[in-house]
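Hi,

Here is the structure I said I would pass on. Have a look, and my notes on what turned up are underneath.

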Amino acid sequence: MNLNRDRSAWLQGAEAVCQVQPIHPPKSRRIVLLGAPGVGKGTQAALLSAAFGACHLSTGDLFRAACTHDPAELSATMRAAIGRMQRGELVPDETVLRLILDRASCLTCRGGFILDGFPRTVPQAAALDVLLHRANLSIDAVLSYDLSVAAIIARVSGRRICPVCKTVYHISSLAPRLAGLCDGCGSTLMQREDDQPDAVRVRQGAYDQSTAPLLNYYANLHLLVRIEARGTPEEIFARTTAALRRFETTGDRC
Ligand code: AMP
């Protein structure tokens, strides 16, 4: 199965109605991705989404989509959230959870999900558990991508993103066909503000402090699968699907 799931409803807020019919693969997947910023979660999320027909839901994309609006149209809370994002800091749980609740239908969709960037704190993980439990659903696996800080910095400095369709590229390992232009929609690629070196350092600190505790949280729930994130996106993806298969058939988590 190779489908590019349209995520426009996820990015458009509470009133948006998803026009995409959920696919019914033999097994729909509900997968959470963890890993330090820049480890390549977004790229793996897109590949997993295409392979499993589950939508790639990124909270970072929600905030980046808000950045494209006229600031005067945004609430003070959203303007503050964008400021935090641009400095590389985490957005407060309350703001993130309000956005997530607005799009709860994406999380309870029968097609499943690949969650990228959420949850990022233990209270967010607990809130996700409650939301899924109410819908009689649960997470199938939490994939944690591991990579050294030096390799992460090399990866982040070459990362480029399409501001329109959000496709992620890398100037050497995942280059677009035409330099600087999105393969899908032809838009000019950009470097994310929070991929600048100062913001990367702040984001790494936020990950160590707030998100790393999620490893224990999900290990205790026997959901954590660790994956080495070195190599090309295709190599990491092959490792991911192999680890997931092992986990689903034997419960082996590394
Ligand atoms: P990402 O694209 O996932 O790296 O997210 C970019 C930025 O959006 C993060 O550095 C945070 O400022 C903000 N953000 C995204 N998701 C969350 C979240 N679950 N909790 C707090 N802040 C978030």
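Strand 1 (residues 29-35) and strand 3 run parallel and are joined by five bridges. One pair to click on there is Arg30, which sits opposite Phe113 of strand 3. Bear in mind throughout that this is a predicted model.

On to strand 2. Strand 3 (residues 112-116) also runs parallel to strand 2, with four bridges between the two, and Leu57 is found opposite Leu115 of strand 3. Which way do the side chains of strand 2 (residues 55-58) point? Cys55 and Leu57 go one way, His56 and Ser58 go the other, and all of them are buried. That fits the textbook picture, in which side chains of a regular strand alternate between the two faces of the sheet.

Put together, these strands belong to an open, five-stranded sheet with parallel pairing and the order 2-3-1-4-7. Its edges are strand 2 and strand 7 (224-228), each of which pairs on one side only. On average, neighbouring strands in the sheet are turned by 25° against each other, ignoring direction.

Now the helices. Helix 2 lies across strands 1, 2, 3 and 4 (the last being 141-146), and runs at about 165° to strand 1. Helix 3 (residues 59-67) packs on the sheet too, where it touches strand 2 and strand 3, and its direction makes about 65° with that of strand 2.

Helix 2 (residues 41-52) also packs against helix 11, at an angle of about 55° and with the axes 10 Å apart. The two helices are therefore oblique to each other, and helix 2 passes helix 11 in a right-handed crossing. If you want to colour the contact, pick Thr43, Gln44, Leu47, Leu48, Ala51 and Phe52 from helix 2, plus Pro233, Ile236, Phe237, Thr240 and Leu244 from helix 11.

Last one: helix 8 (residues 149-157). Which of its residues are buried? Ile152, Arg155 and Val156 are. Looking down the axis of helix 8, the buried residues fall within an arc of 95°, so they line one face of the helix. The spacing makes sense, because an α-helix has 3.6 residues a turn and residues three or four places apart point the same way. What do the buried residues of helix 8 pack against? Their partners are strand 5 (159-161), strand 6 (168-170), helix 9 (197-211) and helix 11 (233-250).

Shout if anything is unclear.

Cheers

Methods. Residues are numbered from 1 along each chain as its sequence is written. This is a predicted model: local features need pLDDT of at least 70, side-chain atom pairs count only at pLDDT 80 or more; totals for chains, interfaces and linings use all residues. Side-chain values use heavy atoms; hydrogens and water are left out. Buried means under 20% relative accessible area, exposed over 50%, partly exposed in between (1.4 Å probe, protein chains only). Two strands pair if DSSP finds at least two bridges between them. The arc is that of the directions from the helix axis to the C-beta atoms. Contact means heavy atoms within 4.5 Å. Axes are lines fitted to C-alpha atoms, for helices over the stretch in contact, and angles run from 0 to 180 degrees between N-to-C directions. Angles under 35 degrees count as roughly parallel, over 145 as roughly antiparallel, 65 to 115 as roughly perpendicular and the rest as oblique. A crossing is left-handed if the near helix is turned anticlockwise from the far one by less than a right angle, and right-handed if clockwise.
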